[in-house]
Amino acid sequence: MTGQAIVADHEGSRPYDTEYRYFLTAPDDGPDGPWRDLSALWFETVGDSGIMPDYAGFDILKLAPGHWPNVCLTKLIGTPRRTFYVVMIGSAIEAHNGFFGNNRPMRELPLRNPGVMRREFCWAARHGGPVYSEGPYIGAVDYVSRVRRLITPYRISAREYAFVFYASFEPYPEKRKYL
């Protein structure tokens, strides 16, 4: 792995904050997992340019359909007041969150961790590339202990971004049968 790993800053954090964050610099950076396909797609879109790709160049159809339930598309839009807007949430993420969240501002969703998600999106925009992170899971089900996510940023305009992220849920070993 050639990227930069950091242990998340826990000053003023809550028990469900991100515990580990990894800034990817190549498609094979970060831990192995199903999110590698999304990472490879992002780096393929970037090519040799080394700059954040335009959102217009992202095509979810290039991602295997088996991944779609674990993918979410969120945008940071608007000026002067910028808003995180959830465009699409995959069915696996909806099931774990316990609510339907498509086409809604993030502030209107009953998330237990909106600050964590906003912070992870901002890290991806600042880094200008994919960010892998993980931490404790909080949501609608009691059989999942951790969530792992890969967030890939895309530029819409000079101040607006789209984020495609992949969420993977790790069950408690004794409750694996429920997943």
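This is a short walk through the structure above, from its charged pairs to its nonpolar interior. Please keep in mind that the model is predicted.

Let us start with the charged side chains. The structure has 7 salt bridges, and a good one to look up first is the pair Glu 19 and Arg 146, whose side chains meet with N and O 3.0 Å apart. Glu 19 sits in the loop between β1 (4–7) and β2 (20–23), while Arg 146 belongs to strand β7 (residues 144–155), so this salt bridge ties together parts that are 127 residues apart in sequence. The two partners also differ in how they are covered: Glu 19 is partly exposed, at 33% relative accessibility, whereas Arg 146 has 18% and counts as buried, because the cut-off for buried is under 20%.

From Arg 146, stay on strand β7 and move to Arg 148. Its side chain forms a salt bridge with that of Glu 134, at 3.7 Å from N to O. Glu 134 lies in strand β6 (residues 131–136) and Arg 148 in β7, so here the linked parts are 14 residues apart in sequence. In this pair the acidic partner is the buried one: Glu 134 has a relative accessibility of 14%, while Arg 148, at 26%, is partly exposed. The two pairs do not stand alone, for Glu 19, Glu 134, Arg 146, Arg 148 and Glu 170 are linked in a network of salt bridges. Elsewhere, Arg 36 and Asp 32 form another salt bridge, with their closest N and O atoms 3.2 Å apart. Asp 32 is exposed, at 64% relative accessibility.

Next, look at Ser 133, which is also in strand β6. Is Ser 133 buried or exposed? With a relative accessible area of 0%, Ser 133 is buried. Its side chain makes a polar contact of 3.2 Å with the side chain of Glu 120. Leaving out neighbours within four places in sequence, the residues in contact with Ser 133 include Thr 18, Tyr 20 and Arg 21, as well as Val 147, Arg 148 and Arg 149. Arg 148 is thus a contact of Ser 133 and a member of the salt-bridge network.

Now turn to strand β3 (residues 71–77), where you will find Lys 75. Lys 75 is partly exposed, with 22% relative accessibility. Tyr 85 is 10 residues away from Lys 75 in sequence, yet their C-alpha atoms are 5.1 Å apart in space. Tyr 85 is also one of the residues that Lys 75 touches beyond four places in sequence, a list including Tyr 55, Phe 84, Ile 156 and Tyr 161.

Finally, we reach the nonpolar interior. The largest nonpolar core has 26 residues, and those with the most contacts inside it are Ile 93, Met 106, Phe 121, Phe 163, Phe 165 and Phe 169. At least two residues of this core come from each of β3, β4 (83–89), α3 (114–127), β7 and β8 (161–171). Which element gives the largest share? That is β8, with 5 residues. Phe 121 makes a handy viewpoint: beyond four places in sequence, Phe 121 touches Thr 74, Phe 84, Met 106, Ile 151, Phe 163 and Phe 165. Apart from this core lies another, of 18 residues, among them Leu 41, Val 46, Leu 73 and Val 164.

How values were computed:
Residues numbered from 1 in each chain as written. Predicted model: local features only at pLDDT ≥ 70, side-chain atom pairs only at ≥ 80, totals over all residues. Heavy atoms only, no water. Salt bridge = Lys/Arg side-chain N within 4 Å of Asp/Glu carboxyl O. Helix = DSSP H or I, 4+ residues; strand = E, 2+ residues; numbered from the N terminus. Buried < 20%, exposed > 50% of the residue type's maximum accessible area, 1.4 Å probe, protein only. Contact = heavy atoms within 4.5 Å. Polar contact = N/O pair within 3.5 Å; in protein donor to acceptor, adjacent residues only side chain to side chain. Core = buried A, V, L, I, M, F, W, Y, C linked by side-chain atoms within 4.5 Å.
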